[in-house]
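User: Could you take a close look at how the interior of this model is packed, and then place it in its surroundings? I would be glad of one connected account.

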Amino acid sequence: MLSNGFIRNHAIGITADTDVFRFHYYDRSKVVESEAFRIVNEEWKKLFMAMVCQLNQLSSDNLGFIPNLHLDDFDYLRDPEQFAQDFKHNPEGLVGVQYRFKCSDGYTRIFVIKRVLYRAEGIIGRASVVLEVECVCTESGCQWHGERKVIKISFPSRSRPPEDALIREARSKAESTGDLWALDHLPQIIDSITIAYDESTVQGRLKAHLKEKYEERVMRVTILEKLHPLTELEDPRDFAQVFYDILQIHQWLYECVGILHRDLSSGNIMFRRKDGKIYGVLNDFDLSSHVQDMGNGSTSNQRTGTRPFMSPDLLDPDWEGGHLYRHDLESLFFIMVCLACRYEAPGIPATEPRPYAQWFSGTDQQVCDNKIAFLTKSSMKSPPIQAYFAGFEQWLLGIHIQLRYGYKLRPIYPLGESSQLGIQSAYNEFEADSDFDWNTLNKRASYTMMRSIMSSFQGKSLETRWANWNRDH
């Protein structure tokens, strides 16, 4: 109900197993279940039927359908015949649906969903849904009529900085400092509306009851320009330029704006075409944070990142070092590894068994252990790169070697803990003890290292967009 069909804040249901029943409530923060019960007599039967009737009388909002996005009288709770529409594993069931939404400029616009670009399958978390829509409203003065837009509906933690605010801050910084090149590599926010859950909602009442055990979230609707996914690229050199662009804009955001992205994934690397050229765009700032605030504790109870591309540090339950910029560079490396080794061509999966499958299906600990082994194994050989992406072999081998050395240099214990144990002298001989730089693995995972490898592709230089790059970082 939460990952298929119409978009919901929460879902309410009843499970029955022979004569045992249980009520369920699921939302983006918590799963709540009643104790199991049996209908032992007529009074219990009446009570059960009364509860079912109460569910039947709930409004669409209380049933969990998101507000401001009207259902056009689609109601499969009160009209059982509509159960015939099957959304299971078929996100295209949303195509053609009309939603009416009041934008911040006061216009109530009608959007028709043309394509489902992405829909998260998870329950807890942001649960993003990304849709390509067309404005079909006829309201006087609407300048969007007939235009295609992208709408992202997500449920981020209330404590996280809003995505639209971070992007606007970055774009404003680019304009005020003359770094206009950066605008080509940042998404363009058209509108964004945040809907909080107050004390009158189910979520608000759960927060009051569960207190710190319940993570407050908001519903955010963001309207963006349409960008292009990596699968639409046709030339390996274009892939290389896009990845190099992402490295440059990531460094600029970190050093000049003070924003760390924290969720590099294949779906968040997009591109736009401008004047016949391709520009890589770093998209989806839902999990991004100001660098200066990152020492003040986590802004969410949920893990930050997309697991197949996450640094093994962040998958390790014992890691207490926070999210470092180096972790995003590792994610970029894992993205390129997966692209070059798991796809025969853009959008065409390699034959089974595909390499690194465990990164996509294992537990956090399994993925962590597998990646550590991948990064530190003694025998170095080229990853199983597909022929189409053969030009990336030099990149992947070069970065792999640097990360391998960096991970091998890491101290066995953090300096403070080892000193307390009185064993620091036992490994003073290693380079990676007292002055080890965790943020860059002693410069083995730095912007400078990545740039030295990624600034050219197959012997020819790529375009460096950032003319004032700090080469001594």
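Analyst: Happy to. The chain forms eleven helices and 19 strands (DSSP runs, H or I of at least four residues for helices and E of at least two for strands, numbered from the N terminus). This is a predicted model, in which local features need pLDDT of at least 70 and side-chain atom pairs pLDDT 80 or more, while totals for chains, interfaces and linings use all residues. Residues are numbered from 1 along each chain as its sequence is written, and side-chain values use heavy atoms, leaving out hydrogens and water.

Of the 473 residues, 48% count as buried (under 20% relative accessible area; exposed is over 50% and partly exposed lies in between, with a 1.4 Å probe and protein chains only). Among contacts (heavy atoms within 4.5 Å) between residues at least 6 apart in sequence, 66% join residues at least 24 apart.

Now to the interior itself. The largest nonpolar core has 75 residues (a core being buried Ala, Val, Leu, Ile, Met, Phe, Trp, Tyr and Cys joined through side-chain atoms within 4.5 Å). Phe-243, Trp-252, Trp-395 and Met-454 have the most contacts inside this core. Leaving aside residues up to four places away in sequence, Met-454 touches Phe-243, Tyr-244, Leu-247, Leu-332, Met-336, Trp-395, Ile-399 and Leu-462. A second core lies apart from the largest one and has 30 residues, including Ala-127, Val-129, Ile-151 and Ile-153.

Met-454 also belongs to helix 11 (residues 447-454), where its buried companions are Tyr-447, Met-449, Met-450, Arg-451 and Ile-453. Because six of the eight residues of helix 11 are buried, the helix is largely enclosed by the rest of the structure. The cover over these buried residues includes helix 4, helix 6 (325-342), helix 9 and strand 18 (456-457).

Two of those covering helices lead us outward. Helix 4 (residues 236-257) lies across strands 13 and 14, at about 45° to strand 14 (axes are lines fitted to C-alpha atoms, for helices over the stretch in contact, with angles from 0 to 180 degrees between N-to-C directions). The open sheet holding these strands has three members in the order 11-13-14, paired antiparallel (pairing takes at least two DSSP bridges). Strand 11 (228-229) and strand 14 (277-282) are its edges, each pairing on one side only. Six antiparallel bridges link strand 13 (residues 269-274) to strand 14, and Lys-274 stands opposite Lys-277 of strand 14.

Helix 9 (residues 393-409) in turn meets helix 8 (residues 364-376): their axes come within 8 Å and cross at roughly 110°. That crossing makes the two roughly perpendicular (65 to 115 degrees; under 35 is roughly parallel, over 145 roughly antiparallel, the rest oblique). Helix 8 brings Ile-372, Phe-374, Leu-375 and Thr-376 to the contact, and helix 9 brings His-400, Leu-403, Arg-404, Tyr-407 and Lys-408. By type these residues are five nonpolar, two polar and two charged (nonpolar: Ala, Val, Leu, Ile, Met, Phe, Trp, Tyr, Cys and Pro; charged: Asp, Glu, Lys and Arg; polar: the others, Gly among them).

Finally, some backbone details. Ala-127, from the second core, has phi near 50°, positive although the residue is not glycine. Ala-127 sits in the loop between strand 6 (108-119) and strand 7 (129-135) and counts as buried at 10% relative accessibility. Lys-211 also has a positive phi, about 55°, but at 49% relative accessibility Lys-211 is partly exposed.
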